[in-house]
Amino acid sequence: MSIRKLLACVRCLAVAGLVLILAGAAYVYLGLYPIGADTPHNAATYWLLESVRERSVARAASGIAVPGDLDASARLLAGGADYNDMCAGCHLEPGVKESDFTLGLYPAPPNLAEAHDVHGDPETRDQRRFWIIKHGIKASGMPAWGPGHDDERIWNMVAFLKRLPDLTPQQYQIVTARKDSAAH
Amino acid sequence: MQVRLRKTGAIALSTIPALLVSLSVAAHEPEKHAEGAKAPDCAAMKDMDSATMDKDDPVMQAMMEQCKGHMESMAHSKSSADSGQRDHGNEKASEGSAHDH
């Protein structure tokens, strides 16, 4: 290929790239993307966002040291009460299949009362859950609980999540109730 | 000038702790959630299948911990009811034996 032809090709690619950038900018600034939570992403956007989320969480959570006593009953009690107050509205509880949040949020929050987490081995799952609870996920409705909760309290919630799918509605009620409640 | 600096220092010294205290209060405190929260429904435990309950299971231990007071009072009322029934039975037996005589 002669240098002249090569330059023409590069120029052609540069023009095509510029046109694509301008088209993308026009698409964004004209407000053409349907941003409503009741309209699902197209497949490409969904794949991109999910891949970014999963890869980012996996990288960030990989070095976290998991406590060895996550199966302690005291952790279940502490984490269960917090889960019931802070998480159950979106992530549900045994015997409840949907809420206004699960119907309205996009992406829909996962139902943590059902055994479905397939993210690697148990240690990876614990690391991942700890990181997500502590730092949250941008533009998903999942807040970062880290600013108001210390690590121990977040690990208690992770401990509770490990047993949540095993609980019946009656067990859930007893384990998550705050014993020192005013109603008691 | 020196008075002004001292005044600014005093304001800073009183504002920073107040700000820190207010931030710590704004954090999610379990005590706040305890108000109006539901108490554990320990009565439901008696309907559970005790054959499938493993006392070494952390879930079971957590439930026992939550319902410790309830179970103790249930055991106490059961034992007093049993002893009452036994006393009542003894009275009946002694009445019966008195009649026999």
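**Exercise 1. A salt bridge with two partly exposed ends**

Task: Find the salt-bridge partner of A:Asp166, then decide how exposed each of the two residues is.

Solution. Begin with the charged atoms: A:Asp166 pairs with A:Arg163 in a salt bridge, and their closest N and O atoms are 2.8 Å apart. Keep in mind that we are working with a predicted model. Next, look at accessibility. A:Asp166 has a relative accessible area of 47%, so it is partly exposed. A:Arg163 has 22%, which again means partly exposed, since buried would require a value under 20%.

**Exercise 2. A salt bridge between helices**

Task: Work out which helices of chain A are joined by the salt bridge of A:Asp82 and A:Arg153, and classify both residues as buried or exposed.

Solution. Step one is the distance: the two side chains meet with N and O 2.8 Å apart. Step two is location. A:Asp82 belongs to helix H3 of chain A and A:Arg153 to helix H7 of chain A, so the bridge ties together parts that are 71 residues apart in sequence. Step three is accessibility. A:Asp82 has a relative accessibility of 3% and therefore counts as buried. A:Arg153, at 15%, is buried because its value falls under 20%.

**Exercise 3. Salt bridges across the model**

Task: Count the salt bridges over all chains, name the members of a network in chain A, and describe the bridge of B:Glu65.

Solution. The count over all chains is 14 salt bridges. A network of them links A:Glu50, A:Arg53, A:Glu54 and A:Arg128. Over in chain B, B:Glu65 bridges to B:Lys68, with 3.6 Å between the closest N and O atoms. To finish, check the exposure: B:Glu65 is partly exposed at 34%, and B:Lys68 is partly exposed at 41%.

**Exercise 4. Aromatic pairs**

Task: Classify the ring pair of A:Tyr83 and A:Phe160 and the ring pair of A:Phe130 and A:Trp155 by geometry, then place each pair in the fold.

Solution. There are five aromatic pairs over all chains. For A:Tyr83 and A:Phe160, the ring centres are 5.4 Å apart and the planes make an angle of 40°, so this pair is tilted. The pair links distant parts of the chain, with A:Tyr83 in helix H3 of chain A, A:Phe160 in helix H7 of chain A, and their positions 77 residues apart. Both A:Tyr83 and A:Phe160 are buried.

Now take A:Phe130 and A:Trp155. Their centres are 4.2 Å apart with 15° between the planes, which makes the pair stacked. A:Phe130 sits in helix H6 (residues 122–135) of chain A and A:Trp155 in helix H7 of chain A, so parts 25 residues apart in sequence are tied together. A:Phe130 counts as buried at 5% relative accessibility, and A:Trp155 counts as buried at 5%.

One last step extends the picture: ring pairs join A:Tyr83, A:Phe160 and A:Tyr172 into a cluster.

**Exercise 5. What covers helix H8?**

Task: List the buried residues of helix H8 of chain A and name helices that cover them.

Solution. Helix H8 spans residues 169–176, and its buried residues are A:Gln171, A:Tyr172, A:Ile174, A:Val175 and A:Thr176. Their cover includes helix H3 (73–86), helix H4 (88–91) and helix H7 (151–163) of chain A. Chain B takes part too, through its helix H3 (58–66).

**Exercise 6. Which cysteines are bonded?**

Task: Locate the disulfide, describe its geometry, and test whether A:Cys12 and A:Cys87 are bonded or free.

Solution. Over all chains there is one disulfide. The bond joins B:Cys42 to B:Cys67, with S to S at 2.2 Å. At -85° about the S-S bond, the link is left-handed. The disulfide connects distant parts of the chain: B:Cys42 is in the loop between helix H2 (30–34) and H3 of chain B, and B:Cys67 is in the loop between H3 and helix H4 (68–100) of chain B, 25 residues apart. Both B:Cys42 and B:Cys67 are buried.

Then test the others. The closest cysteine sulfur to that of A:Cys12 is in A:Cys9, 6.5 Å away, which is too far for a bond. A:Cys87 is in no disulfide either, its nearest cysteine sulfur being that of A:Cys90 at 8.5 Å. As for exposure, A:Cys12 counts as exposed at 53% relative accessibility, whereas A:Cys87 is buried at 11%.

Technical notes:
Residues are numbered from 1 along each chain as its sequence is written. Chains are lettered from A and ligands numbered from 1 in the order in which they are written. This is a predicted model: local features need pLDDT of at least 70, side-chain atom pairs count only at pLDDT 80 or more; totals for chains, interfaces and linings use all residues. Side-chain values use heavy atoms; hydrogens and water are left out. Buried means under 20% relative accessible area, exposed over 50%, partly exposed in between (1.4 Å probe, protein chains only). Helices (H or I, at least four residues) and strands (E, at least two) are DSSP runs, numbered from the N terminus. Contact means heavy atoms within 4.5 Å. Rings of Phe, Tyr and Trp (its six-membered ring) pair if their centres lie within 6.5 Å; planes under 30 degrees apart count as stacked, over 60 as edge-to-face and the rest as tilted. A salt bridge is a side-chain nitrogen of Lys or Arg within 4 Å of a carboxyl oxygen of Asp or Glu. A disulfide is a pair of cysteine sulfur atoms within 2.5 Å.
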